[in-house]
Amino acid sequence: MMRKGIVAAAAAGVLLLAAFARPPKPAAAAAADCDRECLNHFVDQYLDAVVAHDPSKLPLAKNVKFTEDGVRLEPGDGLWATASGVGNYKLYFDEPAAGAAGVFALIQENGTPAILQARLKVVGMKITEIETLVARKETTAFLNTDNLTAVRPVFLETVPPADRPSRAEMVAMVGKYFDGIEQGNGDIVPFDKDCIRIENGIQTCPGSPTSPLGALSCGAQLSTKIFTYIQSVSPRRFPIVDAERGLVLAIVRFNHPATSQTVEVPGRGKMTMGRYSQWPNSTQIAELFKVKDRKIKEISAVIVTQPYRAPTGWE
């Protein structure tokens, strides 16, 4: 009997040691416990809490980090004080393996429509990060919320697993877009021939056929060098890559030193650049890219004007 007891105790000890030796669950796997539906629920909770002006309605981590338009605030500040409703337009995007959720949404602020971009980081079923941009008529050069009635179907399409590029490949493709802006060269960007770009609710490529260069494709617009007043696109971050839907969220800062206001456009002569070239400023931009067949098919952006090289809040 004593020998059996010794053997049993030894076996229990081995099991105990094995349990302690087992590596901890990877952070990515833990984050993946919250799937797309779960992450979108966190987004809905966030929107409801903002409209209720009550951050206590959210499962916030003790050290949660929150920014609005690049400024570090406490939950309850900024839009939390003025939001009066959420519209029907909600474009969700998620990266479950990273615990990352995002949304572009139409929101009412004291009864006036604005466009909200929000990014949440969820760890252990707690929100640890909230990053937002709010495109208000007071903080951006152009805005049209009337066009945001329904999410464009291309953003909801699922990419077959065999056709999904890696995260690194998708980020590299989108990075070429910002390189093309800096270089004034649309040829280096993997655009779909029918690519569309919508910024703050306004289609800007192809844009209005009656405006200078408006009818040009996205790539042809860049190659005119009309956007080279954007001296640099820095910093650049890619916090959400939704491989299932072929979506990449880029959060970047365009820097406009206003050192030149005109450009020599090939075949058209000297032209005046856009209004952002007229004084030193930067724009903080949340830009969502749809990648389909390894081409940039569509772009949707939320843009907020800021002082030149203003901090993004996430350096």
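## Close-up views of a predicted model

**View 1. Packing around helix 3.** The buried residues of helix 3 pack against helix 4 (79-82), strand 3 (83-95), strand 4 (100-109), strand 5 (112-123), strand 6 (126-135) and strand 9. The model shown here and in the other views is predicted. Helix 3 covers residues 36-51, 16 residues in total. From first C-alpha to last, helix 3 reaches 23 Å, close to the 22 Å expected at 1.5 Å a residue. Its buried residues are Arg36, Cys38, Leu39, Asn40, Phe42, Val43, Tyr46, Leu47, Ala49 and Val50. Histidine 53 follows helix 3, with a positive phi near 55°.

**View 2. Strand 4 paired with strand 5.** The two strands run antiparallel and are joined by 10 bridges. Phenylalanine 104 faces glutamine 117 of strand 5 across the pairing. Strand 4 and strand 5 form a hairpin with two residues between the strands. In this hairpin, asparagine 110 has a positive phi near 50°.

**View 3. Strand 5 paired with strand 6.** Nine bridges link strand 5 and strand 6, again in the antiparallel sense. Leucine 120 stands opposite isoleucine 130, a residue of strand 6. Two residues separate the strands of this hairpin. Glycine 124 lies in the turn and takes a positive phi of about 60°.

**View 4. The largest cavity.** The structure holds two cavities of 30 Å³ or more. The largest has a volume of about 60 Å³. Its lining is made up of Tyr89, Phe104, Ile115, Leu148, Ile198, Asn200, Gly201, Ser300, Ala301 and Val302. Phe104 of this lining is the residue that stands opposite glutamine 117 in View 2. Strand 14 (residues 295-306) gives the most to the lining, with three residues. By class, the lining residues are seven nonpolar, three polar and no charged.

**View 5. The second largest cavity.** This cavity encloses about 40 Å³ of space. Pro235, Arg236, Arg237, Ile251, Val252, Arg253, Gln284 and Thr312 form its lining. Strand 9 (232-242) and strand 10 (247-256) each supply at least two of these residues. Here the lining divides into three nonpolar, two polar and three charged residues. Strand 9 is also among the elements that the buried residues of helix 3 pack against.

**View 6. The largest pocket.** About 700 Å³ of space lies in the largest pocket. It is lined by 31 residues. Glu199, Thr204, Phe227, Tyr229 and Gly274 lie nearest the pocket centre. Several elements each supply at least two lining residues, among them helix 5 (167-183), strand 7 (191-199), strand 8 (202-205) and helix 6 (218-223). Strand 10, strand 12 (269-272) and strand 13 (281-292) each do so as well. The lining holds 17 nonpolar, 11 polar and three charged residues.

**View 7. Lysine 295 and its surroundings.** Lysine 295 is found in strand 14. With a relative accessible area of 38%, lysine 295 is over the 20% limit for buried and not over the 50% needed for exposed, so it counts as partly exposed. Leaving aside neighbours within four places in sequence, lysine 295 is in contact with Pro190, Phe191, Asp192 and Lys290. Its C-alpha atom is separated by 9.5 Å from that of methionine 170. Along the chain, lysine 295 and methionine 170 are 125 residues apart.

Technical notes
Residues numbered from 1 in each chain as written. Predicted model: local features only at pLDDT ≥ 70, side-chain atom pairs only at ≥ 80, totals over all residues. Heavy atoms only, no water. 1 Å grid on protein atoms, 1.4 Å probe; cavity = no way out; pocket = protein on both sides within 12 Å on 5 of 7 lines; lining within 4 Å. Points joined across faces, edges and corners; volume = space filled by probe spheres on them. Helix = DSSP H or I, 4+ residues; strand = E, 2+ residues; numbered from the N terminus. Nonpolar A, V, L, I, M, F, W, Y, C, P; charged D, E, K, R; others polar. Buried < 20%, exposed > 50% of the residue type's maximum accessible area, 1.4 Å probe, protein only. Contact = heavy atoms within 4.5 Å. Expected span 1.5 Å × (residues − 1). Pairing = 2+ DSSP bridges.
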